[in-house]
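Hi everyone, thanks for coming. Let's have a look at a structure together, starting with its overall layout and then going inside.

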Amino acid sequence: MKNTLSALWIFVMFNYLYCDILGLVDPAEVNPIEVTPGFLLSAAVLMEIPIAATLVSFLAPYGPNRWTNVGAGTVMTLVQIWSLTVGPPTVYYIAYSVVEVSATALIAVLAWRWAGAAPAPPEA
C-alpha cells in the first residue's frame, strides 16, 4: 500500500505540474489573477501537501501514513473542486481536474480502507 499511495501522489503531482505549464503558455490564462508574493507563498504551501505526502507514503509507519493520506487526499480533493469555481475553467483544466480529483479521492479512500499489518505474535 505504501508504494501504491506514493505512486499515486507522484501521478497527481505530474498532473498538477503539466496543467500549470499549459496554463502558463495559454494566452487566455497568462494573467487571470494577480500574482503576489502572498499568492505564491499560498501556492507553495498548498503544493507542499502532495510533495510531503509522497515521501510520507513511502517512509512513514502505518498509523501516521494512513492518516496523512486520508487528510492530504481529502484536502487536495476539496481544493481542486473549489478551484473550478474561481473563474471559468478551460477545457484542459476541467480534464486535468477530473483526473486530479479522481486520484486524490482514490488516495483518501484507499488510505481510509487500509487495514494495518497484523500484530506480531507475542514472543515466548
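Helices here are DSSP runs of H or I with at least four residues, strands are DSSP runs of E with at least two, and both are numbered from the N terminus. With that in hand, the elements of this protein run α-α-α-α from the N terminus on, that is, 4 helices and 0 strands.

Before going on, a word on what you are seeing. This is a predicted model, where local features need pLDDT of at least 70 and side-chain atom pairs count only at pLDDT 80 or more, while totals for chains, interfaces and linings use all residues. Residues are numbered from 1 along each chain as its sequence is written, and side-chain values use heavy atoms, leaving out hydrogens and water.

Now the overall dimensions. Along the principal axes, the C-alpha atoms fill a box of roughly 70 × 30 × 20 Å. The accessible surface (Shrake-Rupley method, 1.4 Å probe) comes to about 7900 Å², and 74% of that belongs to carbon and sulfur atoms. I'll call a residue buried under 20% relative accessible area, exposed over 50%, and partly exposed in between, with a 1.4 Å probe and protein chains only. Of the 124 residues, 30% are buried. A contact means heavy atoms within 4.5 Å. Among contacts with a separation of 6 or more, 82% join residues 24 or more positions apart.

So what makes up the largest nonpolar core? By nonpolar core I mean buried Ala, Val, Leu, Ile, Met, Phe, Trp, Tyr and Cys residues joined through side-chain atoms within 4.5 Å. This one has 12 residues, including L5, W9, Y16, M76 and W114. Two or more residues come from each of α1 (2-25), α3 (62-83) and α4 (91-113), and α1 gives the most, with 6. Take W9: leaving aside residues up to four places away in sequence, W9 touches ten partners that you can click through, among them P50, A53, A72, M76 and I107.

Next, two residues of helix α2. M47 is found there, and M47 counts as partly exposed because its relative accessible area is 23%. Beyond four places in sequence, M47 touches Y16 and M76. M47 and Y16 are 31 residues apart in sequence, yet 9.0 Å apart C-alpha to C-alpha. I49 lies in α2 too. Its relative accessibility is 27%, so I49 is also partly exposed. With the same sequence cut-off, I49 touches A72, V75 and M76.

Finally, the largest pocket. On a 1 Å grid over the protein atoms alone, a pocket is an open set of points where a 1.4 Å probe fits, with protein on both sides within 12 Å along at least five of seven lines, and lining residues have an atom within 4 Å of a point. About 1200 Å³ of space lies in this one. Of its 31 lining residues, D20, I33, F39, S83 and Y93 are the closest to the centre. Which helix supplies the largest share of the lining? That is α2, with 7 residues. By class, the lining has 22 nonpolar, 6 polar and 3 charged residues.

Thanks for listening!

Note on methods. Points joined across faces, edges and corners; volume = space filled by probe spheres on them. Nonpolar A, V, L, I, M, F, W, Y, C, P; charged D, E, K, R; others polar.
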